Amino acid sequence: MQLTLEFGGGLELLCDSVKVHNVDVVPPKGSERLIMKDLLSWVGTNLIKERPEMFMKGDSVRPGVLVLVNDCDWELSGQLDTTLEEKDVVVFISTLHGG
């Protein structure tokens with residue numbers, strides 16, 4: 001499944017400073033659909049190069065990371081159970097900043 005993943009607010013630093021990734025993610029074996037929980041696992045394994053604890057907490061993103069699926073807050077679409085479709089755009093933005 002072709003997806004566009006965007007990282008901002010400093011999260012791009014965890015991905016070799018690359019903000020936009022055009023990726024091809026295969027749904028898990030035995031499943032016909034890809035959900036956000038599967039995508040987050042894939043991102044943690046394939047894109048996050050350093051300090052994964054700054055992005056993930058358990059199976060989800062850390063508090064303070066805003067997740068948008070096609071410009072819609074994932075909290076309105078089911079969070080980890082949000083079903084992804086071909087050509088979706090998923091944006092991860094850190095809302096936490098040091099002072």
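Is R51 buried, exposed or partly exposed? I looked up its relative accessibility of 47% and put R51 down as partly exposed, because buried is under 20% relative accessible area and exposed over 50%, with partly exposed in between (1.4 Å probe, protein chains only).

I note that this is a predicted model, in which local features need pLDDT of at least 70 and side-chain atom pairs count only at pLDDT 80 or more, while totals for chains, interfaces and linings use all residues. Residues are numbered from 1 along each chain as its sequence is written, and side-chain values use heavy atoms, with hydrogens and water left out.

Salt bridges. I found 2 salt bridges in the structure, each being a side-chain nitrogen of Lys or Arg within 4 Å of a carboxyl oxygen of Asp or Glu. R51 pairs with E53, their closest N and O atoms lying 3.8 Å apart, and E53, at 41% relative accessibility, is partly exposed.

I then looked up D59 and K37, whose side chains form a salt bridge at 3.5 Å, N to O. This pair links distant parts of the chain, 22 residues apart, with D59 in the loop between strand 4 (56-57) and strand 5 (60-61) and K37 in helix 1 (residues 36-46); helices (H or I, at least four residues) and strands (E, at least two) are DSSP runs, numbered from the N terminus. D59 is partly exposed at 46% relative accessibility, and K37 is also partly exposed, at 38%.
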